[in-house]
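User: I am new to this structure and would be grateful for a close look at a single part, the surroundings of the ligand. Please describe that part in one connected account, and then place it beside other local features.

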Amino acid sequence: MQQQPDMMDKLVSLCKRRGIIFQSSEIYGGLAATWDYGPIGAEIKKNLKEAWWRSNVYERDDIEGIEAAILMHPMTWMASGHVSSFEDTLADCKSCKKRFKVENVTGKKCPECGGELTEARQFNLMLKTHLGPIEDEGSLTYLRPETAQGIFVNFQNVVNSMRRKIPFGIAQIGKSFRNEITTRSFTFRSREFEQMEIEYFVKPGTDDEWYHKWVEERFVWYARFGIRKENLRKRQHEKKELAHYAKACTDIEYNFPFGWSELEGIANRTDFDLKQHSRLCGKELDYFDEATKERFIPYVIEPSGGIDRAILAFLFDAYREEEVKGEKRVSLALHKALAPLKAAVLPLLRNRPDLVELAKNIANGLRKGFKVMYDDTASIGRLYRRQDEIGTPYCITVDVDSLSDRKVTVRDRDSMKQDRISVDTVKAYLVDKFKD
Ligand code: ATP
């Protein structure tokens, strides 16, 4: 499926108009590459995290979830290699002063104005901060650039407290920070973003098999929650592309309007991280296999995805434009699990107190089980359009007849088909529609 070239502008505008994503600190002119999720976007984000957590932590019996602190001991980043090598090589244009990643420039000229570039230099992507009142070397630490290390340093805590046997995994969702240089493409490359990561610990020698299993598992997950298969592909890294810790890596890519780009990477991190931490902290971080009486440092398969990138892909993929009765209809065909509101209750006439009361009662009756909205601020045509644009699967319309026949009309977002159902069965109707 070919993405339309102006899709990015359309989506950015929809996100702002409908409360999905705003520029951070917009009233001050914005802060580059940071974004705020509005009331609708925050729901989508919460649903996406829930979908990931459910699939990995609840539907499987071999993964535990944790939530580690963003701030970690600075030795963590020495061990992981981030202090020495989490870098981009940059050059500045002497004329227009813009800064570029050298890997994105061909030749020695500025790709924007043709000016001369400075010598390339290394730039560490970690954001620094100081803990405590004195800003010296001793108080320096970093905002984590990945959530993975919070898992590695807790490996033994989880094995011991949960009596886990290998193979098993630890999952975590949380914020990460990178002082990214090129930050185009909306939320795709942000300086503050969220990751969903699993470190899956296996016996050395079984790592290749687990690596392939996880590539498949993660690929089908995106399709399960609604991304069209033709917009997803796998791309295996060549040897020279591999990170210093990786034996193999496959990216799951999405066909964004700006080209195929990484959604998630699945890497075989070998025993690199546990070995490094063991070396720097001076404690053994190995595993004792009761069955074989062997002691070894596990290998690790890491599926590492970005929440914000995933949301962007789900939004692009769900975006629909069609003509209905001579008018343009924009809708988000989001998977029901991701839809920010599950239903909207709309009275056909807002100047009829009895009708408004019935509609409000129906909405209130649904609130304990579902995120719903009551809206009477426009004509029914406009109300439908608003709900379509944020992907609300069901609109429940209350009309004058509802007062006498105690029935309402439920309109399906995608087919626009309408069902007339009894007021007393609305809740059961939604429960049925949202069952797995
Ligand atoms: P890229 O090559 O695009 O910079 P990466 O290979 O450095 O990404 P990883 O370190 O593998 O990314 O991070 C795992 C996941 O975290 C990525 O697949 C992506 O979804 C997400 N991610 C990484 N950096 C960012 C960012 N700056 N903004 C949003 N998401 C990000």
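Analyst: The account begins with the strands around the ligand. In this predicted model, at least two residues of the shell around the ligand come from each of three strands: S10 (192-202), S13 (259-270) and S16 (299-306). Strand S13 supplies the largest share of that shell, with 4 residues.

In total, 15 residues surround the ligand, and those that come nearest are Glu180, Arg189, Ser190, Glu262 and Leu263. By class, the shell holds 6 charged, 6 polar and 3 nonpolar residues.

Several polar atoms of the protein can be paired with atoms of the ligand. A nitrogen atom of the ligand lies 2.8 Å from a backbone N or O atom of Ser190. For Gly306, a polar backbone atom is 2.9 Å from an oxygen atom of the ligand. In the case of Arg309, the side chain takes part: one of its N or O atoms is 3.0 Å from an oxygen atom of the ligand. On its own, the ligand has 590 Å² of accessible area, and the protein covers 81% of this.

Arg309 also leads to a helix, since H9 spans residues 307-318. Helix H9 packs with helix H1 (residues 7-17) at an angle of about 105°, and their axes are 11 Å apart. The two helices, H1 and H9, are therefore roughly perpendicular to each other, because angles of 65 to 115 degrees count as such. On the H1 side the contact is made by Met7, Met8, Leu11 and Cys15, which meet Leu312, Leu315 and Phe316 of H9. This contact of H1 with H9 has 7 nonpolar residues, and no polar or charged ones.

Two features of the backbone complete the account. Most peptide bonds are trans, and most residues other than glycine have a negative phi. Ile166 and Pro167, however, are joined by a cis peptide bond with omega of about 5°. Pro167 is located in the loop between helix H6 (155-162) and strand S9 (168-177). Phe186, a residue other than glycine, has a positive phi near 55°, and Phe186 lies in the loop that runs between S9 and S10. Strand S10 is also one of the strands that supply at least two residues of the shell around the ligand.

How values were computed. Residues numbered from 1 in each chain as written. Predicted model: local features only at pLDDT ≥ 70, side-chain atom pairs only at ≥ 80, totals over all residues. Heavy atoms only, no water. Axes fitted to C-alpha atoms, helices over the stretch in contact; angles between N-to-C directions. Parallel < 35°, antiparallel > 145°, perpendicular 65-115°, else oblique. Contact = heavy atoms within 4.5 Å. Nonpolar A, V, L, I, M, F, W, Y, C, P; charged D, E, K, R; others polar. Near = heavy atom within 4 Å. Polar contact = N/O pair within 3.5 Å; in protein donor to acceptor, adjacent residues only side chain to side chain. Areas by Shrake-Rupley, 256 points an atom, 1.4 Å probe, with all protein chains shown as cover.
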